[in-house]
Amino acid sequence: MTHHLNTGEIGEQLVATWLTAQHHQILKRRWSCRLGEIDLISMTPHDPRSSKDHRTIALVEVKTRSTYNWDIDGLLALTPSKQRKLWKTAELFILAHPQWADRPFRFDVALVSHSAAPPTATFYTEQYDDRHFSLHTYIPNAFEG
């Protein structure tokens, strides 16, 4: 199953599986336009205590790194210019999907690591071939436009 997936795609799949388990609805995977790509787009769960539908659209940037990496598991890759580019990409997504334009939007960041050894602390882990992929950090509303 995983032979055709690259490391980034496996990380994105892991996060999508975890979000689904958290009752998010996955709307899009790897949505792209001329400006860039958004890894995952999900809708947060509905609060059954509320009579109104206040679900938020979560635009999720997934960073997948080996256990020992130079950029703090991908956080250093989220520079201010990368964040601006993601927001511009999100604006094009909203224009392309007006059915969701009235919803609140936020950018989340998911940090995934992979190694040959099983992890010790993590939200969610799966093994693909000989590597363990672990979602160890999920940051809702990680940055603003």
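## Two unusual backbone angles, a patch and a pocket

Arg 30 lies in strand 1 (strands are DSSP runs of E with at least two residues, helices are runs of H or I with at least four, both numbered from the N terminus). You're looking at a predicted model, where local features need pLDDT of at least 70, side-chain atom pairs need 80 or more, and totals for chains, interfaces and linings use all residues. Residues are numbered from 1 along each chain as its sequence is written, and side-chain values use heavy atoms, without hydrogens or water.

So what's odd about Arg 30? Its phi is positive, at about 50°, even though Arg 30 isn't a glycine. Asn 141, over in strand 6, also isn't a glycine and has a positive phi of about 50°. Here's the pair, with relative accessible area (buried is under 20%, exposed over 50%, partly exposed in between, using a 1.4 Å probe and protein chains only):

| Residue | Element | Phi | Relative accessibility |
|---|---|---|---|
| Arg 30 | strand 1 | about 50° | 33%, partly exposed |
| Asn 141 | strand 6 | about 50° | 41%, partly exposed |

Now for Gly 36, which sits in the loop between strand 1 (25-32) and strand 2 (37-43). Is Gly 36 buried or exposed? Gly 36 counts as buried because its relative accessibility is 17%. In sequence, Gly 36 and Ala 90 are 54 residues apart, yet their C-alpha atoms are 9.3 Å apart in space.

Out on the surface, Ile 72, Leu 75 and Leu 76 make a nonpolar patch of about 260 Å² (nonpolar side chains joined within 5 Å, from residues over 30% accessible and without a salt bridge). Leu 76 belongs to the loop between strand 3 (57-66) and helix 2 (80-96). Leu 76 counts as partly exposed because its relative accessible area is 47%.

Last comes the largest pocket, holding about 150 Å³ of space (a pocket is an open set of points on a 1 Å grid, with protein on both sides within 12 Å along at least five of seven lines; lining residues have an atom within 4 Å of a point). Twelve residues line this pocket, and Thr 67, Ser 113, Ser 115, Pro 119 and Thr 120 lie nearest its centre. Strand 4 (105-115) and strand 6 (131-143) are the elements that each give two or more residues to the lining. What kinds of residues make up the lining? Four are nonpolar, eight are polar and none is charged.

Technical notes: Patch = residues over 30% accessible without salt bridge, like charges linked within 9 Å, V, L, I, M, F, W, Y side chains within 5 Å. Areas by Shrake-Rupley, 256 points an atom, 1.4 Å probe, with all protein chains shown as cover. Salt bridge = Lys/Arg side-chain N within 4 Å of Asp/Glu carboxyl O. 1 Å grid on protein atoms, 1.4 Å probe; cavity = no way out; pocket = protein on both sides within 12 Å on 5 of 7 lines; lining within 4 Å. Points joined across faces, edges and corners; volume = space filled by probe spheres on them. Nonpolar A, V, L, I, M, F, W, Y, C, P; charged D, E, K, R; others polar.
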